[in-house]
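Hi everyone, thanks for coming along. I'd like to walk you through one model today, so let me put it up on the screen.

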Amino acid sequence: MTEMRKQTESSEERLFTADMIRSLGERLHGELILPADAQYDAARQVYNAIHDRRPALIVQASDVADVMSCVAFARQHNLLLSVRGGGHSVPGFGTCDGGLVLSLERMRGIRVDPERHSVRAEGGCTWADLNHATAAFGMATTGGIVSTTGIAGLTLGGGLGYLARSCGLSCDNLLSADVITADGRFLTCSESYNEDLFWAIRGGGGNFGVVTSFEYRLYDVADILGGPTFYPLDAEVIRRYRALIAEAPEALGALLGITLGPPLPFLPESWHGQPVVVVLTCWSGPGGEDEAIRERLSQLGPVLGQYVQRMPYPVINTLFDELLPAGLYHYWKGRFTRHLSNEAIDVHIDYGARIPCPQSATLLFPIDGACQRVAPDATAFAYRDASFATVLGPSWPDPTDSERNIAWGRAYSQALQPYSEEGGYVNFMSSDDADRVHANYRQNYDRLAEIKTRYDPTNLFRLNQNIVPSSHNMV
């Protein structure tokens with residue numbers, strides 16, 4: 001009888017018989033992919049090429065029943081289980097070595113309810129999918145800055161984006177969710193049902209089950225004034241940006257980036273490849289104030305190049321898509337900042353002048369306004385007193401450059417530590433940040449661990465920024 005070997009985290013060998021695999025396949029409407037199959041190599045690819053993983057089984061689920069079958073199979077056979085939504089996990093948690101990859105990529109159904117200003121979307125949807133569906137009704141919700149990002153991972157980690165200052169985080173706009181828990185139950189959670197689980201998944205990551213659908217609150221956002229404005233890499237530009245965010249209406253979503261000047265037609269060629277500051281604008285306020293917004297941007301410093309125009313909201317979420325295709329190498333670090341001090345700005349200038357690769361960028365996400373009107377214990381997202389979430393994003397195409405880029409990112413993060421909070425945004429963490437998980441959740445960690453113990457006492461869902469069950473009843 002054909003057998004397949006599977007290596008667990010503890011290096012204990014297990015055998016899979018053809019009958020066991022057949023029994024799983026017979027319960028699926030989706031596709032079961034094995035290492036010998038022609039599509040295996042494509043199916044196992046990780047968005048972040050720094051990870052090369054070889055799972056024993058890959059299931060491309062087509063419905064909730066498939067998800068339930070996979071969770072039951074992984075639990076029964078003590079399998080390492082990866083859950084993949086959009087697949088953008090920089091630590092590569094969506095794929096594993098020797099275990100079962102449960103991919104939701106085929107589960108992308110969406111239904112907009114314009115009367116209730118809500119949308120329900122399946123767990124395999126990307127923000128491109130959701131934005132396309134809601135834009136037809138002139139509506140949107142907070143959701144990332146890269147359209148190929150999955151809604152699941154972003155929302156479960158909190159959910160930063162251009163609309164956060166006015167609309168709150170993605171998790172703040174979650175109305176309900178359907179979850180398959182470790183014991184195979186299908187649970188709907190909301191403020192009225194399974195409230196503890198609903199609290200935990202709003203920022204607690206994928207620790208508590210497989211979320212098969214999300215229901216979001218929508219806002220009337222159609223066309224916006226958006227696009228990048230480039231400035232020289234100068235501390236005064238960042239200080240003026242800090243003042244802009246402190247005084248600007250919440251309808252102004254404005255991210256600050258430090259990167260190398262891209263080869264864009266509106267940026268002079270002499271600045272291509274040179275360190276620059278870029279402010280990415282998303283003004284969702286009245287169109288009659290567009291010129292005032294442009295004028296305010298011009299006051300931040302010498303404008304090297306600008307493309308700030310009226311556009312449909314979904315377009316603003318595509319501006320990074322070509323810069324960050326699948327297959328690059330990534331090593332990210334995250335920091336929360338309550339006060340963007342002059343000393344921290346000096347660190348950004350220092351390391352920004354030494355960016356090692358054109359695909360790399362540092363981004364500062366404002367998380368004031370509506371984000372701070374949610375109590376720090378109202379969801380699992382703990383840092384409601386932070387003003388900015390910073391991502392240090394070394395990204396590069398050549399694997400021989402890995403050592404240099406990783407060293408830059410680590411040193412940069414260490415240099416910011418004295419001017420930052422202890423924890424950071426979980427969606428910006430790398431695979432070597434397990435020691436920061438407690439700090440990332442701060443005062444909410446103990447409650448999360450207790451909920452984890454009730455819903456996943458054996459830690460089946462451990463390929464994430466892992467919250468360990470209070471019982472320590474580990475696999």
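Let's start at A177, which stands opposite F214 in β12. One thing to keep in mind as we go: this is a predicted model. Now zoom out a little from that pair of residues. Strand β10 covers residues 174-180, strand β12 covers residues 210-217, and six bridges join the two. They run antiparallel.

Which sheet do these strands belong to? An open one made of five strands, and if you read across, the order is β7-β8-β12-β10-β11. The pairing is antiparallel. At the edges you'll find β7, residues 110-113, and β11, residues 186-190, each pairing on one side only. If you ignore direction, neighbouring strands here are turned by 15° against each other on average. As a general reminder, the strands of a sheet pair through backbone hydrogen bonds.

What lies across this sheet? Have a look at helix α4, residues 127-135: the helix lies across β7, β8 and β12. Relative to β7, helix α4 runs at about 35°.

Now let me take you to another part of the chain, helix α8, which spans residues 235-247 and contains I238. Is I238 buried or exposed? With a relative accessible area of just 1%, I238 counts as buried, because the cut-off for that is under 20%. And who are its contacts? Leaving aside residues up to four places away in sequence, I238 touches L256, I258, V277, L340, I345, H348 and I349.

One last distance for you: I238 and H272 are 34 residues apart along the chain, and their C-alpha atoms are separated by 20 Å. Thanks, everyone!

Notes
Residues numbered from 1 in each chain as written. Predicted model: local features only at pLDDT ≥ 70, side-chain atom pairs only at ≥ 80, totals over all residues. Heavy atoms only, no water. Helix = DSSP H or I, 4+ residues; strand = E, 2+ residues; numbered from the N terminus. Buried < 20%, exposed > 50% of the residue type's maximum accessible area, 1.4 Å probe, protein only. Contact = heavy atoms within 4.5 Å. Pairing = 2+ DSSP bridges. Axes fitted to C-alpha atoms, helices over the stretch in contact; angles between N-to-C directions.
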